[in-house]
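Dear colleague,

I am handing over the structure below, and my notes on what was found in it follow underneath. Please read them with the coordinates open beside you.

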Amino acid sequence: MARKTNDDVAWLSSVPFFEGFSDDELHRVLDLSDQMEAAAGTVLVDQGDPGTDCFVIVEGQASVYVRGEHVATSGPGSMVGEMALIDHRPRTATVVADTDVKLLRFRTKAFRTLLDEMPKASERVMTTLRSRLERAEADR
């Protein structure tokens, strides 16, 4: 992995999920994550698999499918795959890159550290989960 620089911090500060984070917090985010790229068509998360990591989409778009049905499109600033890390159950959806994507990957331990150390990150994850649950209830 390349050394993380102030350019990386500036790049990350433009991602909606990390809006309002200090430079020190962004450096810590970079320490906890791996920068990745995936080509369009790549399965990022596969429904039914155990959750060992989650992703924040930094650039590009991905589609979310539940039992093969398209349920959402996620773009920059969206976190995907976190639910399996929170509830320790198999993945509830499949996420496929619609375009080439740039991602930050958080392994389970790093994800927990992120939530423990950064209340803003924890709040954003919980807000995302609450929104998804409300949308699921409305769809019933």
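Where is the place of His88? His88 sits in the loop between helix 3 and strand 7 (94-97), and please keep in mind, here and throughout, that this is a predicted model. The phi of His88 is positive, at about 55 degrees, although this residue is not a glycine. With a relative accessibility of 59%, His88 counts as exposed, because the cut-off for that class is over 50%. A second non-glycine residue with a positive phi is Arg67, where the value is near 50 degrees. Arg67 belongs to the loop between strand 4 and strand 5, and its relative accessibility of 72% puts it among the exposed residues as well.

Turning to the interior, the largest nonpolar core has 25 residues, of which Phe18, Val29, Leu104 and Phe106 touch the most other members. At least two residues of this core come from each of helix 1 (6-13), helix 2 (23-32), strand 3 (53-59), strand 8 (101-107), helix 4 (108-117) and helix 5 (119-139). If neighbours within four places in sequence are set aside, the contacts of Leu104 include Trp11, Phe18, Val29, Cys54 and Val58, and the polar or charged residues Ser33, Asp34 and Gln35 are also in contact with Leu104. There is also a second, separate core of 14 residues, with Ile57, Ala72, Val80 and Ala93 among them. As a general matter, nonpolar side chains in soluble globular proteins tend to be buried together.

Phe18 also takes part in the aromatic pairs, of which the count comes to two. The ring centres of Phe17 and Phe18 lie 5.0 Å apart with the planes at 75 degrees, so this pair is edge-to-face. The pair of Phe18 and Phe21 is likewise edge-to-face, with 5.4 Å from centre to centre and 90 degrees between the planes. Phe17, Phe18 and Phe21 thus make up one aromatic cluster. Phe17 and Phe18 are both buried, Phe18 with a relative accessible area of 0%, and Phe21, at 8% relative accessibility, counts as buried too.

The largest pocket may be of interest for your own calculations. About 980 Å³ of space lies in this pocket, and of the 33 residues that line it, Val64, Val66, Val71, Arg132 and Arg135 are the closest to its centre. Strand 4 (62-66), strand 5 (69-74), strand 6 (79-80), helix 3 (82-87) and helix 5 each contribute at least two residues to the lining, and helix 5 has the largest share, with 10 residues. By character, the lining divides into 15 nonpolar, eight polar and 10 charged residues.

Two further buried residues deserve a look. Glu82 is placed in helix 3 and has a relative accessibility of 1%, so this charged residue counts as buried, the limit being under 20%. Beyond its neighbours within four places in sequence, Glu82 is in contact with Cys54, Phe111, Val125, Thr128, Leu129 and Arg132. Val101, in strand 8, counts as buried at 2% relative accessibility. With neighbours within four places in sequence again left aside, Val101 is in contact with Met36, Glu37, Ala38, Glu59, Gly60 and Gln61, while its C-alpha atom is separated by 12 Å from that of Ser78, which is 23 residues apart along the chain.

With best regards

Methods: Residues are numbered from 1 along each chain as its sequence is written. This is a predicted model: local features need pLDDT of at least 70, side-chain atom pairs count only at pLDDT 80 or more; totals for chains, interfaces and linings use all residues. Side-chain values use heavy atoms; hydrogens and water are left out. A nonpolar core is a set of buried Ala, Val, Leu, Ile, Met, Phe, Trp, Tyr and Cys residues joined through side-chain atoms within 4.5 Å. Buried means under 20% relative accessible area, exposed over 50%, partly exposed in between (1.4 Å probe, protein chains only). Helices (H or I, at least four residues) and strands (E, at least two) are DSSP runs, numbered from the N terminus. Contact means heavy atoms within 4.5 Å. On a 1 Å grid over the protein atoms alone, a cavity is a set of points where a 1.4 Å probe fits but cannot get out, and a pocket is an open set with protein on both sides within 12 Å along at least five of seven lines; lining residues have an atom within 4 Å of a point. Grid points are joined across faces, edges and corners, and a volume is the space filled by probe spheres set on the points. Rings of Phe, Tyr and Trp (its six-membered ring) pair if their centres lie within 6.5 Å; planes under 30 degrees apart count as stacked, over 60 as edge-to-face and the rest as tilted.
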